[in-house]
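Q: Please take a close look at one part of this structure, and set out in connected prose how that part is built and joined to its surroundings.

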2 protein chains.
Amino acid sequence: AIFNQVVNFFSKPTSAPSENTPLQGQHWMITAGPTMEAIDPVRFISNHSSGKMGYALANAAAKLGAKVTLISGPVPLEAPKNITTVKILSALDMLAACRQISHENQVDVFIGAAAVADFRIQDIATQKMKKQSNTDEMQLNLIKNPDIIATVVAESMAKFVVGFAAETQNVIAYAQDKLAKKGLDLIVANDVSRKDIGFNQDQNEVTVVGKNTTWSPEKADKTELASLLVQFIRQQNQ
Amino acid sequence: AIFNQVVNFFSKPTSAPSENTPLQGQHWMITAGPTMEAIDPVRFISNHSSGKMGYALANAAAKLGAKVTLISGPVPLEAPKNITTVKILSALDMLAACRQISHENQVDVFIGAAAVADFRIQDIATQKMKKQSNTDEMQLNLIKNPDIIATVVAESMAKFVVGFAAETQNVIAYAQDKLAKKGLDLIVANDVSRKDIGFNQDQNEVTVVGKNTTWSPEKADKTELASLLVQFIRQQNQ
């Protein structure tokens with residue numbers, strides 16, 4: 001409910017989109033950053049993700065007039081102005097936020113830029129686990145998290161769905177496979193084994209794969225790349 | 001070698017400590033932040049730790065004239081000016097840095113304020129592990145990390161050793177136990193189950209436990225508390 005009010009606050013009255021704000025009237029939902037899966041009150045499993053790409057995409061879409069809802073894992077970035085930002089920790093929380101937001105406001109474009117943990121801990125300890133001096137090894141039992149972007153497609157939470165694929169090998173092949181399996185409209189693939197781009201870097205170089213498209217913009221600042229990606233998504237979504 | 005040069009750069013010529021810089025001539029080595037234990041190139045295990053307390057202690061000691069070496073896990077804090085900051089990721093890297101620094105420069109006071117991961121992954125995958133659609137569960141085999149602060153004591157890396165104990169229950173009892181078992185001079189204990197203090201908060205409330213001392217300063221900003229703690233450590237270390 002509080003959500004709804006915040007989202008509505010930023011809704012603009014319906015009017016014809018102008019040249020500078022071609023996304024006016026559209027609602028984009030974008031996930032960003034890592035998720036954090038608790039092991040106990042002090043330990044967790046997470047993924048490398050600065051959140052920079054997702055935040056840049058949110059800013060780029062808002063700049064073109066879209067109403068943007070950003071669902072963000074824990075990152076040390078400031079919430080962008082004029083964008084409704086929902087902060088979450090775990091993958092389950094992120095999925096719940098996606099469901100609530102899409103339920104309350106029809107979503108035109110979903111971009112899953114978050115690095116969601118594939119697995120969470122089966123039984124989260126409520127107290128800090130103590131080191132046992134007699135055991136030098138420990139097993140952690142993990143259980144698969146729901147696949148957020150596949151669920152967004154399956155439950156028709158958005159009209160157009162864009163995923164990300166961070167891979168260390170066979171980047172394009174894995175991306176094409178993901179696109180088909182999850183029923184995405186586009187997937188943005190990058191090679192995270194390269195140290196000069198991606199995680200925690202300000203620059204990124206990606207290949208965008210669609211059913212009948214492959215597009216490789218030049219290596220660029222994440223801000224610049226985000227702007228190019230948003231325009232490409234808009235073209236594909238017309 | 002590069003280390004040594006940086007450290008020596010900040011060494012001051014030997015002279016009598018003044019009233020404002022009573023720690024002049026002393027070298028303090030302080031650890032801060034979490035460690036990050038890789039699962040594969042994109043995933044890791046870590047601990048909640050903003051690094052604020054360790055950075056505040058480093059600043060407080062430097063302000064009183066100490067030469068400070070800060071060994072920091074990944075945190076979004078700026079390296080303090082006039083302090084040699086060594087950035088590391090894993091517990092093994094942190095221990096190696098402690099050994100090298102103490103080898104190159106005699107350490108008067110060591111403060112272990114870092115939240116070191118107790119366990120690391122037994123076999124780090126060199127490629128991103130792929131989700132297997134036929135398995136909903138996964139086991140992660142962990143192996144115990146070396147106990148950094150106990151190793152600092154055992155290898156006489158510092159003359160006076162101060163630990164931290166973040167607990168969720170029986171806080172003082174666990175702290176006293178840790179103090180004795182690891183042979184520490186002082187331990188700073190706090191209750192991390194409280195939401196108003198500790199992790200990611202600017203305030204903290206602690207109890208300092210020594211062999212024959214227990215001291216509970218009032219809840220305070222981490223900067224203020226760090227200054228009180230450094231002065232208390234100095235008294236105990238005279």
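A: In chain B, eight strands make up an open sheet of mixed pairing, in the order S5-S4-S1-S6-S9-S10-S12-S13. Helices (H or I, at least four residues) and strands (E, at least two) are DSSP runs, numbered from the N terminus, and two strands pair if DSSP finds at least two bridges between them. The edges are held by strand S5 (84-87) and strand S13 (214-215) of chain B; each has a single partner strand, so one side of each is left without a neighbour in the sheet.

This is a predicted model, in which local features need pLDDT of at least 70 and side-chain atom pairs count only at pLDDT 80 or more, while totals for chains, interfaces and linings use all residues. Residues are numbered from 1 along each chain as its sequence is written, chains are lettered from A and ligands numbered from 1 in the order in which they are written, and side-chain values use heavy atoms, with hydrogens and water left out.

At one edge, S13(B) pairs in the antiparallel sense with strand S12 (residues 207-210) of chain B over two bridges. Trp215(B), in S13(B), is the bridge partner of Val208(B). At the other edge, strand S5 of chain B contains Thr85(B). This threonine counts as partly exposed at 23% relative accessibility; buried means under 20% relative accessible area, exposed over 50%, and partly exposed in between (1.4 Å probe, protein chains only). Beyond its neighbours within four places in sequence, Thr85(B) is in contact with Tyr55(B), Leu70(B), Ser72(B), Ala79(B) and Pro80(B), where contact means heavy atoms within 4.5 Å. Thr85(B) and Tyr55(B) are 30 residues apart in sequence, and their C-alpha atoms are 9.9 Å apart in space.

Two strands of the sheet are also linked through their side chains. Asp108(B) and Lys159(B) meet in a salt bridge, at 3.1 Å from N to O. The pair links distant parts of the chain, with Asp108(B) in strand S6 of chain B and Lys159(B), 51 residues apart from it, in strand S9 (residues 158-167) of chain B. A salt bridge is here a side-chain nitrogen of Lys or Arg within 4 Å of a carboxyl oxygen of Asp or Glu. Asp108(B) counts as buried at 12% relative accessibility, whereas Lys159(B) counts as exposed at 54%.

The structure holds 14 salt bridges over all chains. One of them joins Arg43(A) to Asp118(B), with the closest N and O atoms 2.4 Å apart. Arg43(A) lies in strand S3 of chain A and Asp118(B) in the loop between strand S6 (107-112) and strand S7 (119-121) of chain B, so the pair joins two chains. Both partners are buried: Arg43(A) has 8% relative accessibility, and Asp118(B) has a relative accessible area of 14%. Asp40(A), Arg43(A) and Asp118(B) are linked in a network of salt bridges.

From this loop the description passes to the contact between the chains. The contact takes 39 residues from chain A and 39 residues from chain B. The area buried between the chains is about 3,800 Å², of which carbon and sulfur atoms give 51%; buried area is the accessible area (1.4 Å probe) that two parts lose on being put together, summed over both. S3(A) and strand S3 (residues 43-47) of chain B run antiparallel and are joined by five bridges. Phe44(B), in S3(B), is the bridge partner of Ser46(A).

Across the interface of chain A and chain B there are two salt bridges. Arg43(B) forms a salt bridge with Asp118(A), the closest N and O atoms being 2.4 Å apart. The interface also has 14 residue pairs in polar contact, both residues at pLDDT 80 or more. A polar contact is a pair of N or O atoms within 3.5 Å; within protein, one must be able to donate a hydrogen and the other to accept it, and residues adjacent in sequence count only if both atoms are side-chain atoms.

On the side of chain A that touches chain B, strand S3 (43-47), strand S8 (137-144), strand S9 (158-167) and helix H5 (171-182) of chain A each supply at least two residues. S8(A) gives the largest share of this side, eight residues. By class, the side has 16 nonpolar, twelve polar and eleven charged residues; Ala, Val, Leu, Ile, Met, Phe, Trp, Tyr, Cys and Pro count as nonpolar, Asp, Glu, Lys and Arg as charged, and the others, Gly among them, as polar.
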